Amino acid sequence: MATRTRTVMFTDMADFTATVARSDREGLRKLITEHEELVSPIVRRYHGRVVKNLGDSFMCMFESATDALRATLDIQDLVVSAGGISIRIGMTTGDVEEIDGDAFGDAVNQASRILNKAPAGEIWFGPGTRACMNAAEIPWESVGRFHLKGIAVDVEVYRAVPAHRCWLPDPVQFAARRNRLVRVKRGQSVGMLLPPEPVVLLEGFLPGSSELAEALGRLPVLDPASLFLAAYHISPIDRATWTEAGRGLVIGTPAAIDRAMFDAQKAVSRSSGADTIVLDGGASVDMNLVIAGLALPAVPLSEVVASYFYDLLPDGRWVNQSDRAVVRVEVGSDGARLLVTSSGVTVDGRSRALDEVVPMRDGTRVDAVGTSHIFRALDSDYVGVLLCDTPMRLGVVAGQMAEMGREPGHPGLAFPDRRGQTNIRWYSGQRAARAKAGGFTLDRALAGRKQASVVLLGGGEIRLTPLHPRCATYVLRARGSGLDRIDGPTSVRLGDHVVVGTTVVGLREPDDV
């Protein structure tokens, strides 16, 4: 038995099970043969060996992390040119035990877990490979931190970028869709007239060159998080110099970037629940109920919840936990804090580094992927709320009643459905254990199916009535400083917020969203 440092690579045919269900035996044999003929010669070319061939999946080992990554890039390029099967690849580098031609160890397990996370057509690798590879030779980017089964802490995972692909960072993609992206190419004059809140992509410049410095010098003063450099191969020192200033990278060849831009601009961005629902088809909307942020209950909570967190997705939704999170808000007994999990995030106008932790104070402003979130600190039952209007709304006509809750009656505004318990750190003890076993979540425990009703009366009066006997309904008034719990019908105004569980509902003029 020998322990050696190796790069372990897994390949897997995407949608293999579904393909098998549609194939006869001859088609299945052809599929497996095609996979082997694509992978095996390239693995040998880069001095690797196939450890296991499971038909739809290969386990391979390489002595060199760089060779392993070059092999994966060649494999994906060949797959695209062949136009047949789709392959996902996961890998990492670390110590393995080689026994009778097989391989075992943490590196094998981690590579397998990374493979399970990788989408079809992509190459994902772990921090061991990132540390060992020649970073100037491989086009790569981070895809975020992930929880991998059997590993105690979240793991930073990276992606190798084939010549035919480019994944636009969220700020660039959103700006391209909203006509706020300014593409500045080498040799092109830099105009001073920019759109509001521009995102600038510098293309064709050598990192660290005088031409790049001159182009930056001709731009007006901009938030560093809005500046991106297009590159395919970039040395570690140039990468660090650029990104440590708070600026971003777009990794891709010029042709791949052009294709990605075209796809971003032609895509129709649709958000779930974005359509206004009018209660009376023949009348105009007189008020909108808008999902307008995330409420943060104080902890400890009933000797059940010690602390918890929520993740913000690129589309502006808050969820229990996501590998695609832009930021994470964490709530403990000492208050709320923000963890930056993606590039391009600014807090109070200052760019923040990946993994930076920022305490939340009253008035803190968080800007990420085109959305702005304002933190209002509260006391007693809530630490605070993060306010940001979303496309999820319900149009209300004067004189008609609308409900809100987890499962409101028609017509009604449904609260976001954030299932799961992965975001909760539990108290020790039987009470917490029973709550966990019973499927406790903050949303289920603190908000009812039918929570409250709203009606716009004559003269512009808005009447809010709590409907649930146990789950509390609160009002955060636009002209007040605190949170009021209501126990019966209460008058509210446009601009006020209703707070229930972890959901904030804003009362808005029809044109405010």
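**Figure 1. Pro 119 sits in the loop between helix H4 (106–117) and strand E6.** This is a predicted model, and our tour of it starts at this proline. Is Pro 119 buried, exposed or partly exposed? Its relative accessibility is 32%, so Pro 119 counts as partly exposed, since that class runs between 20% and 50%. Leaving aside residues up to four places away in sequence, Pro 119 touches Arg 88 and Trp 124. Ala 432 makes a handy reference point: Pro 119 and Ala 432 are 313 residues apart in sequence, and their C-alpha atoms are 36 Å apart in space.

**Figure 2. Confidence varies from one part of the chain to another, with helix H1 lowest and strand E6 highest among the elements.** Let's check how far to trust the picture. The protein chain has a mean pLDDT of 86, and 91% of its residues reach 70 or more. Helix H1 (residues 16–21) has a mean of just 50, while strand E6 (residues 123–125) gets 97. Now look at residues 268–283: pLDDT stays under 50 there. The model still has 31 contacts beyond four places in sequence for that stretch. Go easy on such places, because predicted coordinates should not be read in detail where pLDDT is low.

**Figure 3. Phe 125, Trp 140 and Tyr 158 are linked into a cluster by ring pairs.** The model has six aromatic pairs by the rule used here. Take Phe 125 and Tyr 158: their ring centres are 5.7 Å apart and their planes meet at 25°, so this pair is stacked. Phe 125 belongs to strand E6 and Tyr 158 to strand E8 (residues 155–160), so to speak two distant parts of the chain, 33 residues apart, linked by one pair. Both Phe 125 and Tyr 158 are buried. How are the rings of Trp 140 and Tyr 158 arranged, stacked or edge-to-face? Their centres lie 5.6 Å apart with the planes at 80°, so this pair is edge-to-face. Trp 140 is in strand E7 (residues 140–146) and Tyr 158 in strand E8, so here the pair ties together parts 18 residues apart in sequence. Trp 140 is buried, and so is Tyr 158.

**Figure 4. Two arginines, Arg 239 and Arg 159, lie over tryptophan rings.** Trp 140 from the previous view turns up again. Over its ring sits the charged end of Arg 239, 3.7 Å from the ring centre. In the other example, Arg 159 lies over the face of Trp 167, and here the distance to the ring centre is 4.1 Å.

**Figure 5. The second largest pocket holds about 460 Å³ of space.** Which residues come closest to the centre of this pocket? Out of 21 lining residues, they are Arg 180, Glu 197, Asp 223, Asp 367 and Gly 370. Helix H6 (170–177), strand E21 (365–368) and strand E22 (371–377) are the elements that give two or more residues to the lining.

**Figure 6. The largest cavity has about 30 Å³ of space in it.** How many cavities of 30 Å³ or more are there? The count comes to one. Among the residues that line the largest cavity are Arg 406, Phe 415, Pro 416, Asp 443 and Ala 447. The lining also includes Val 500, Gly 501, Thr 502 and Thr 503.

**Figure 7. The loop between strands E13 and E14 holds Pro 300 and Ser 302.** A bit of background helps: most peptide bonds are trans, and most residues other than glycine have a negative phi. In this loop, between strand E13 (287–297) and strand E14 (305–312), the peptide bond from Val 299 to Pro 300 is cis, with omega near 5°. Ser 302 has a positive phi, near 55°. With a relative accessible area of 42%, Ser 302 is partly exposed.

**Figure 8. Pro 411 and Asp 355 sit in two further loops.** Pro 411 is in the loop between strand E25 (401–405) and strand E26 (412–414). The peptide bond that runs from His 410 to Pro 411 is cis, with omega near -5°. Asp 355 is in the loop between strand E19 (350–351) and strand E20 (357–359). Its phi is positive, near 75°. Asp 355 is partly exposed, with a relative accessible area of 35%.

Note on methods. Residues are numbered from 1 along each chain as its sequence is written. This is a predicted model: local features need pLDDT of at least 70, side-chain atom pairs count only at pLDDT 80 or more; totals for chains, interfaces and linings use all residues. Side-chain values use heavy atoms; hydrogens and water are left out. pLDDT is the predictor's confidence in each residue, from 0 to 100. Helices (H or I, at least four residues) and strands (E, at least two) are DSSP runs, numbered from the N terminus. Contact means heavy atoms within 4.5 Å. Rings of Phe, Tyr and Trp (its six-membered ring) pair if their centres lie within 6.5 Å; planes under 30 degrees apart count as stacked, over 60 as edge-to-face and the rest as tilted. Buried means under 20% relative accessible area, exposed over 50%, partly exposed in between (1.4 Å probe, protein chains only). A charge sits over a ring if NZ of Lys or CZ of Arg is within 6 Å of the ring centre and within 35 degrees of the ring normal. On a 1 Å grid over the protein atoms alone, a cavity is a set of points where a 1.4 Å probe fits but cannot get out, and a pocket is an open set with protein on both sides within 12 Å along at least five of seven lines; lining residues have an atom within 4 Å of a point. Grid points are joined across faces, edges and corners, and a volume is the space filled by probe spheres set on the points.
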